[in-house]
Amino acid sequence: MRIAGIEVRIDKKKIKNMHLYVKPPDGMVSVSAPLDMSDEAIERFVRTKVSWIKAQQAKFAGQLRQTQRQYISGETLYLWGKQYFLQVDYGKRYSLTLTGNTAIFTVREGSTAGQRDNFVREWYREKLKAEIMRLMPKWERITGLKCDFWQTKYMTNKWGTCNITNRKIWFNLQLAKKTTDCLEYIILHELIHLQVKNHNAEFLALMDKYMPHWRAAKKKLNDQILDYWEK
């Protein structure tokens with residue numbers, strides 16, 4: 001649905017109240033609404049929030065972004081919030097090694113930016129999975145909540161998502177670039193969704209209980225440098 005020039009994703013659910021979200025990294029707008037609410041009522045609600053929506057989208061648009069990756073020497077790479085400078089060498093096998101503030105990236109001569117990107121994404125996946133395996137038991141123990149399965153994938157509009165029916169959590173591959181407290185915030189956020197579906201008062205109370213500083217972690221996550229992406 002397009003409202004006041006803004007593309008809005010509508011999701012009708014078994015809920016009592018309407019909720020409006022402007023999601024990072026690209027400012028996607030979504031509305032969760034009760035099943036019996038009319039499109040006209042949803043549109044009226046969104047129109048009252050247009051100024052706020054545009055302000056949030058402007059904030060995301062103004063955030064620093066990495067330039068499109070070519071994976072050549074001098075470009076930057078981030079891991080757990082630290083910036084590294086690429087040094088590209090040629091060899092028979094791909095490898096990526098961090099030393100000091102340098103990321104030594106060995107690639108095959110003649111390889112394309114896409115092939116190099118595929119390797120780096122899998123490298124990030126290994127780093128992220130190892131950190132989730134380290135941190136997930138901690139937060140499962142603290143909350144008493146446990147997912148049946150989790151995976152990682154590259155996403156452009158969510159840091160994480162939880163399928164309550166299957167008790168499965170997905171984590172955005174880009175989290176490996178952020179500081180670990182941001183990852184912990186997302187782990188906790190998605191675990192709590194196993195108990196509370198929506199971001200209601202109960203959800204917020206549980207976040208406050210288990211991670212009193214979660215708002216600061218959320219802000220840090222959304223303020224950190226983002227990926228380049230094709231529109």
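Which residue of S8 does glutamine 87 stand opposite? In this predicted model, glutamine 87 faces isoleucine 104 in S8, a position that belongs to the pairing of strand S6 (residues 82–90) with strand S8 (residues 102–107), which are joined in the parallel sense by six bridges. Strand S8 also pairs with strand S7 (residues 95–99), here in the antiparallel sense and over five bridges, and within this second pairing serine 95 is placed opposite threonine 106 in S8. S7 and S8 together form a hairpin in which two residues lie between the strands, and glycine 100 in the turn adopts a positive phi of about 65°.

An open sheet of four strands, with mixed pairing, follows the order S1-S2-S4-S3. Its edges are formed by strand S1 (2–3) and by S3, each of which pairs on one side only. Between S2 and S4 the pairing is parallel and extends over six bridges, with lysine 13 set opposite proline 34 in S4. Helix H1 (residues 39–47) packs on this sheet, where it touches S1, S2, S3 and S4, and the direction of H1 makes about 130° with that of S2.

A further open sheet, also of mixed pairing, consists of three strands in the order S9-S11-S10. Strand S9 (149–153) and strand S10 (160–163) are the edge strands, each pairing on one side only, and the twist from one strand to the next averages 20°. S9 runs parallel to strand S11 (residues 168–172), to which it is joined by five bridges, and tryptophan 150 stands opposite isoleucine 169 in S11. Two helices lie across strands of this sheet: helix H3 (residues 113–143) crosses S9 and S11, running at about 150° to S9, whereas helix H4 (residues 180–193) lies across S10 and S11 and runs at about 20° to S10.

Helix H4 also packs with H6, at an angle of about 115° and with the two axes 9 Å apart, and the crossing in which H4 passes H6 is left-handed. On the H4 side the contact is made by Asp181, Cys182, Tyr185 and Ile186, while H6 contributes Trp214, Ala217, Lys218, Lys220 and Leu221. Classified by residue type, the contact of H4 with H6 comprises six nonpolar and three charged residues, with no polar residues.

Both of these helices also take part in the lining of the largest pocket, to which two or more residues each are given by strand S2 (6–13), strand S3 (19–23), strand S4 (28–34), helix H2 (50–61), S10, H4, helix H5 (201–210) and helix H6 (214–223). The space in the largest pocket amounts to about 1,200 Å³, and the lining is made up of 39 residues, among which Tyr21, Lys23, His189, His193 and His199 lie nearest the centre of the pocket. The greatest contribution to this lining comes from H6, which supplies six residues. By class, the lining of the largest pocket contains 15 nonpolar, 13 polar and 11 charged residues. Strands S2, S3 and S4 of the four-stranded sheet and strand S10 of the three-stranded sheet are thus among the elements that contribute to the lining of the largest pocket.

Conventions. Residues numbered from 1 in each chain as written. Predicted model: local features only at pLDDT ≥ 70, side-chain atom pairs only at ≥ 80, totals over all residues. Heavy atoms only, no water. Pairing = 2+ DSSP bridges. Axes fitted to C-alpha atoms, helices over the stretch in contact; angles between N-to-C directions. Contact = heavy atoms within 4.5 Å. 1 Å grid on protein atoms, 1.4 Å probe; cavity = no way out; pocket = protein on both sides within 12 Å on 5 of 7 lines; lining within 4 Å. Points joined across faces, edges and corners; volume = space filled by probe spheres on them. Nonpolar A, V, L, I, M, F, W, Y, C, P; charged D, E, K, R; others polar. Left-handed = near helix turned anticlockwise from the far one by under 90°.
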